[in-house]
Amino acid sequence: MSQQQTWSQRFESSLHPAIAIFNASIGFDIELIEYDLTGSIAHARMLGRTGIISPQEAEQLTAGLEQIRQEYNSGQFTPGVEAEDVHFAVERRLTEIVGDVGKKLHTARSRNDQVGTDIRLYLRAQIQQICTHIRQFQQVLLQLAEQNVETLIPGYTHLQRAQPLSLAHHLLAYFQMLQRDWDRLKDVYKRVNISPLGSGALAGTTFPIDRHYTAELLEFDGVYANSLDGVSDRDFAIEFACAASIIMVHLSRLSEEVILWSSEEFSFVKLKDSCATGSSIMPQKKNPDVPELVRGKTGRVCGHLQGLLMLMKGLPLAYNKDLQEDKEALFDTVKTVKACLEAMAILFQEGLEFRTTRLAEAVAEDFSNATDVADYLAARGVPFREAYNLVGKVVKTSLAAGKLLKDLTIQEWQELHPAFAEDIYEAIAPRQVVAARNSYGGTGFAQVEKAIAIARTQLEAN
Ligand code: ARG
């Protein structure tokens, strides 16, 4: 086991073992190794190209760094706490492999701009992956929507029956939320993809580096204009955590609906065995664990956003060790969001079945067509508010008589208002109630077909 790092000769002894553990980030920042190596290779190449080191030395550094990549990927390189963090671990191993020239890698660089580069490269890759997961889930929702344009489901406000909907319309609402999530991540990406490399510890460097060259090698879209900002900015991390939290809030709302729908009381969906669990004591139970876990994990991700905001609020410029705390929040956010998107896609693809007979009964047995009666009168010249009051009255008397609106006789309708005719029955049938909401973005079947076509084209962007 190699020794605990001692610092420059200013230090006479090494860290207290407990403090070494307290200080170390290698236990989690090893996750960044791939990006640390890529960033270091770009830095080494820049040092060679600008003549800060010789081209041969740059070659040696690059080859050594690639060897570490292989060693890590094959499980041979497993640095421990003595390395403190991934950056020191790599530099030490490099020096073991290539000899003293390895000690030149850190010329014109600080761990401050290095770690900033690593996290940005990491987040960049993760954002792409999360976007792919979003697309997959959108695809599943869209397919389900296509199959259910004419399936009706009660629509709610205040969790009270409001107006019936096309199930496709309901599912497409989540499709559009996810579309905004996708757009938001693409937007965050723009601010993630700026290079801090070459900011040095905080003030830049005395060497004739070429920041634009490293940025180009690493496919960054630009470089930080200010070195202090470059090393201490974590806005992009907060923005990412915010975008991730919003994704989770969307998934959590959908989860809550599935949980309600799968209850005996609603019985709108049946959970398939592949996505539900039983109880250890109550043999009749089938529990919606997937949506419950997604709902539960939402708290964690939103917590990380708070954590990052609080991490930053009191930090003076520039780097402070507090910033080491950004990583676990980001790693856990990424892992959780990916897992939840994947689980929800599986749940909707194969884990639940809409109980269409039950849904058809549900929309037929309530007063969710009352607005349509008022609209019927309003379309025949009765001022809407007056019509609304009349229908309120008829709902009240029907409730008292244990009847639904469809059970009223034509005489009863005409006593209420002479404008009613036989076509009232057609106007209040659930299918017609849905079909008639043909305003742009509404649940009318013709609109839903258009919305499906729009969603298809939205999915084509990448
Ligand atoms: N492990 C550190 C982090 O994650 C790397 C940067 C350390 N920089 C320093 N000046 N101590 O933030």
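Mentor: A polar contact here is a pair of N or O atoms within 3.5 Å. Keep that cut-off in hand as we look at this predicted model.

Trainee: Happy to! How far does a polar side-chain atom of Lys327 lie from an oxygen atom of the ligand?

Mentor: The pair to look at joins the side chain of Lys327 to a ligand oxygen. A polar contact needs the two atoms to be within 3.5 Å. For Lys327 the distance is 2.7 Å.

Trainee: And how much of the ligand's accessible area does the protein cover?

Mentor: Start from the ligand on its own, which has 340 Å² of accessible area. The share of this that the protein covers is 87%.

Trainee: Which residue has a side-chain N or O atom 2.4 Å from an oxygen atom of the ligand?

Mentor: Let's go through the other side chains that reach the ligand. Ser25 has a side-chain N or O atom 3.2 Å from a ligand nitrogen, so the 3.5 Å cut-off is met there. The residue at 2.4 Å from a ligand oxygen is Tyr319.

Trainee: Which helix gives the largest share of the shell around the ligand?

Mentor: Among the residues around the ligand are Arg111, Asn112 and Val115. The largest share of the shell is 3 residues. They come from helix 6 (residues 111–147).

Trainee: How many residues of that shell are charged?

Mentor: The residues around the ligand include Asp29, Asp85 and His87. By type, the shell has 2 nonpolar and 4 polar residues. The number of charged ones is 4.

Trainee: Which domains each supply at least three residues to the shell?

Mentor: The chain is divided into three parts, one of them domain 3 (366–460). The C-alpha centres of domain 1 and domain 3 lie 69 Å apart. The shell draws at least three residues from each of domain 1 (17–107) and domain 2 (112–142 + 165–209 + 224–362).

Trainee: Now for Thr336: is it buried or exposed?

Mentor: Thr336 sits in helix 12 (residues 326–351), and a polar atom of its side chain lies 2.6 Å from the backbone oxygen of Asp332. The relative accessible area of Thr336 is 3%. Because buried means under 20%, Thr336 counts as buried.

Trainee: Last one: which residues does UniProt list for the "Argininosuccinate lyase C-terminal" domain?

Mentor: The UniProt entry is unreviewed. It also lists a "Fumarate lyase N-terminal" domain at residues 10–303, a span that is 61% helix and 7% strand. The span you ask about is 65% helix and 0% strand, and UniProt lists it as residues 367–435.

Methods:
Residues are numbered from 1 along each chain as its sequence is written. This is a predicted model: local features need pLDDT of at least 70, side-chain atom pairs count only at pLDDT 80 or more; totals for chains, interfaces and linings use all residues. Side-chain values use heavy atoms; hydrogens and water are left out. UniProt positions are given in the numbering used here, feature names are shortened, and annotations may be inferred rather than shown by experiment. Helices (H or I, at least four residues) and strands (E, at least two) are DSSP runs, numbered from the N terminus. A residue is near a molecule or strand if one of its heavy atoms lies within 4 Å of it. A polar contact is a pair of N or O atoms within 3.5 Å; within protein, one must be able to donate a hydrogen and the other to accept it, and residues adjacent in sequence count only if both atoms are side-chain atoms. Accessible areas come from the Shrake-Rupley method with a 1.4 Å probe; for residues, only the protein chains shown count as cover. Ala, Val, Leu, Ile, Met, Phe, Trp, Tyr, Cys and Pro count as nonpolar, Asp, Glu, Lys and Arg as charged, and the others, Gly among them, as polar. Domain bounds come from an automatic or database domain assignment. Buried means under 20% relative accessible area, exposed over 50%, partly exposed in between (1.4 Å probe, protein chains only).
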